[in-house]
Amino acid sequence: MRATAIRWLLGMSLLSSGAPGCGGEATPPVEAAEPLLTIQPPAGFPPQRLAPDNPYSLEKARLGRYLFYDRRLSGNETQSCGSCHQQSRAFSDGRATGLGSTREDHPRGPMSLANVGYFSALTWANPVQRELERQALVPLFGERPVELGLVGREAEMLDRLRRDRRYQQMFPRAFPADADPFTVANVTRAIAIFERTLVSADSPFDRFSRGDTTAMSESAQRGNQLFFSERLECFHCHGGYAFTDSVVSASSAFDETAFHNTGLYNVDGRGAYPSASTGVRDVTGRDEDMGRFRAPTLRNIAVTAPYMHDGSIATLDGVIDHYAAGGRTIASGPNAGVGRDNPLKSGFITGFTLTAQERRDLIAFLEALTDERFLHDPRYADPFGNER
Amino acid sequence: MQGSRTRGIMVLGSLVAAIGATGCGSEDTHVDDGHVHDSGVVTDSGAVTDSGAVTDSGAVSTEVTLRFAAKVGELPFRCGETFANVGTTGGQWSPADFRFYVHDVRVVTAAGEVPVALTQDGRWQHESVALLDFEDRTGRCSNGTAAMNAQVVGTLPAGTVGPITGVRFKLGVPFALNHANQALAPSPLNLSTLWWNWQGGYKFLRIDGQIMNPVRPAAADWFIHVGSTGCNGGASGGVTSCANPNRAEVELTGFDPARNTVVADLARLLSESDVRVTTAAPGCMSELGDPECPPVLRGLGIGDGATQNFFRME
């Protein structure tokens with residue numbers, strides 16, 4: 001493991017030279033074609049907090065990559081996790097809201113998985129979803145809405161995997177202590193470990209932060225100042241290495257999970273959001289949780305349009321309009337209302353004015369959060385080459 | 001389990017004398033008395049008198065089997081059939097599922113309430129929870145399991161004195177088990193059809209069906225999913241509390257396990273519901289504000305002043 005991690009830290013260039021054998025160790029030799037997936041924290045990132053019963057192993061991460069992209073993990077074998085979490089879009093899908101394997105619409109959009117191993121709460125607004133391993137059960141087996149559509153078919157799904165010659169090798173390597181490694185729990189464990197390897201930390205902003213003064217344009221540097229200003233208040237919810245305020249790491253001593261109402265809607269004048277998705281309230285049932293959603297990471301935000309939980313804002317420009325107004329106003333239609341007056345709105349959403357240049361600068365900064373290496377890293381790519 | 005142990009056994013749950021001992025240490029002897037008896041009727045030398053008094057001085061335990069049935073009115077539930085006159089406007093209901101969990105099972109004797117320790121069978125019963133399963137994966141019940149279960153089997157504490165005059169149990173999964181990782185849970189808590197992952201728990205009761213004569217054809221499904229809602233998470237990941245536990249307490253007075261069956265009657269549960277009409281969510285899936293939920297939850301005895309009418313005895 002250590003050799004693996006060091007090789008990765010030394011950079012991708014070593015990959016092409018072909019990984020050396022492991023000197024008689026029991027683990028199978030690393031094949032050059034198989035990527036070195038790691039959860040080693042990059043500079044400026046803490047180590048991840050792992051589930052106690054699911055330690056990292058390279059074999060698990062590799063298995064998880066295959067499972068993540070395997071369409072046999074849907075009832076009708078038409079979708080995989082990767083169908084809605086596409087690497088080129090930072091593992092989102094470009095749609096306003098998700099579409100499941102049975103063509104059922106999801107009320108919310110797939111979120112980016114960049115740095116998902118650091119999020120203290122998962123999905124848009126669910127305070128009970130804290131672990132990647134358990135969260136995976138929702139898309140796999142959920143019925144309202146149906147996503148991958150495997151409910152009641154776990155044995156059939158495991159049989160599909162058991163019959164695959166590659167998995168006959170990979171599962172025992174990933175779970176060597178298990179007499180029968182083909183279990184739902186192990187599927188979720190492997191996928192979770194792969195997800196934990198999806199670390200994005202090489203954007204122009206990161207390189208600039210590490211001392212490369214040429215990494216960000218002058219405009220983006222001015223946008224950086226605006227973003228982290230008390231005038232715009234963006235950073236209160238989108239701060240830190242993960243650009244969200246709901247983070248957890250191995251060093252976390254306290255729970256840091258936050259949900260916010262940003263005044264995106266106010267359909268009844270008392271703060272209501274459209275009933276299709278009311279935020280944390282959908283889970284807790286508490287009226288004060290109306291419209292409260294988790295602040296998504298802003299890393300790679302330029303490639304994850306459309307925006308907000310329901311994809312109701314098409315562009316970054318539109319998102320800035322929403323926050324500049326201190327909450328969106330919808331003039332007509334069933335969702336009409338003045339979000340600025342939403343009584344449940346976060347105190348940080350007070351509005352601001354920007355000059356045209358400042359707006360360009362802010363967008364330049366947000367675009368400087370795009371990590372091209374992350375979006376094209378072959379370690380994260382679909383190993384089936386879209387053949388399945 | 002030990003060869004030297006003597007056990008006083010209740011025949012199908014009633015404290016019937018088991019005089020006429022077989023040899024100590026022999027295997028449990030199964031006696032046919034014309035009733036259901038998967039669990040078997042075991043005689044031994046631990047004498048339980050006719051009056052039900054346990055006279056044996058050693059470790060005496062008594063086995064009890066509670067029979068359950070699923071019905072729609074007077075008709076036995078069965079996948080593949082269509083049941084008429086469901087709800088307030090004569091709905092025709094074609095089933096797709098009928099399962100529920102019970103826990104905290106107790107019987108009532110003259111001495112009061114006595115807990116039933118469930119037999120840990122590795123299939124239908126785990127700790128204090130049992131799954132009752134009336135679907136057989138046929139017809140529309142295609143997401144279910146071929147195996148079915150219509151009984152709860154357990155043991156009463158030594159020294160329990162009969163007769164049994166009632167049964168009490170809770171519908172649902174207890175809090176401690178409800179919010180553990182479902183993927184790691186033992187049977188019967190490892191069935192994905194009963195997971196309610198986004199709520200972080202289980203569907204305690206799942207009765208799915210399709211209405212064959214809906215007012216609006218597009219909304220023909222009618223699902224009943226009851227579980228804990230309004231849950232909050234804690235720092236370490238688990239659910240810390242739920243505003244609506246939705247665990248229904250059930251009591252059937254006068255229930256004698258030897259003669260009676262607990263009947264889960266869908267016709268009674270839906271007696272106040274117009275199943276031919278449905279709003280956005282088909283049926284009642286415990287969503288807050290769903291107008292189809294209050295009558296269903298009332299029928300389960302959930303909510304202030306509600307008395308359950310879903311379970312009756314025959």
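Visitor: Why are α10(A) and α14(A) called roughly perpendicular to each other?

Guide: Helix α10 (residues 218–227) of chain A packs against helix α14 (residues 356–367) of chain A at an angle of about 95°. Angles of 65 to 115 degrees count as roughly perpendicular, under 35 as roughly parallel, over 145 as roughly antiparallel, and the rest as oblique, so α10(A) and α14(A) earn the label. The axes, 7 Å apart here, are lines fitted to C-alpha atoms over the stretch in contact, with angles running from 0 to 180 degrees between N-to-C directions. Mind you, this is a predicted model, where local features need pLDDT of at least 70, side-chain atom pairs count only at pLDDT 80 or more, and totals for chains, interfaces and linings use all residues. Residues are numbered from 1 along each chain as its sequence is written, while chains are lettered from A and ligands numbered from 1 in the order in which they are written.

Visitor: What makes the contact between those two helices, and which classes do its residues fall into?

Guide: Contact means C-beta atoms, placed from the backbone, within 7 Å. Among the residues that qualify are A:Leu226 and A:Phe227 of α10(A) and A:Leu362 and A:Phe365 of α14(A). The contact divides into seven nonpolar, three polar and four charged residues; Ala, Val, Leu, Ile, Met, Phe, Trp, Tyr, Cys and Pro count as nonpolar, Asp, Glu, Lys and Arg as charged, and the others, Gly among them, as polar.

Visitor: How do you know how compact chain A is?

Guide: The globule rule, 2.2 Å times the number of residues to the power 0.38, is set against a radius of gyration taken over C-alpha atoms. The rule gives 21 Å for 388 residues and chain A comes out at 21 Å, so chain A is as compact as a globular protein of that length. Its C-alpha trace spans about 65 × 50 × 40 Å along the principal axes.

Visitor: What makes a residue buried, and what share of chain A counts?

Guide: Buried takes 20 or more other C-beta atoms within 10 Å of the residue's own, exposed 12 or fewer, and partly exposed lies in between, with C-beta atoms placed from the backbone. In chain A 49% of the residues pass; in chain B, 47% of 314 do.

Visitor: What counts as a helix or strand, and how many has each chain?

Guide: They're DSSP runs numbered from the N terminus: H or I over at least four residues for helices, E over at least two for strands. Chain A has 15 helices and four strands, chain B three helices and 20 strands.
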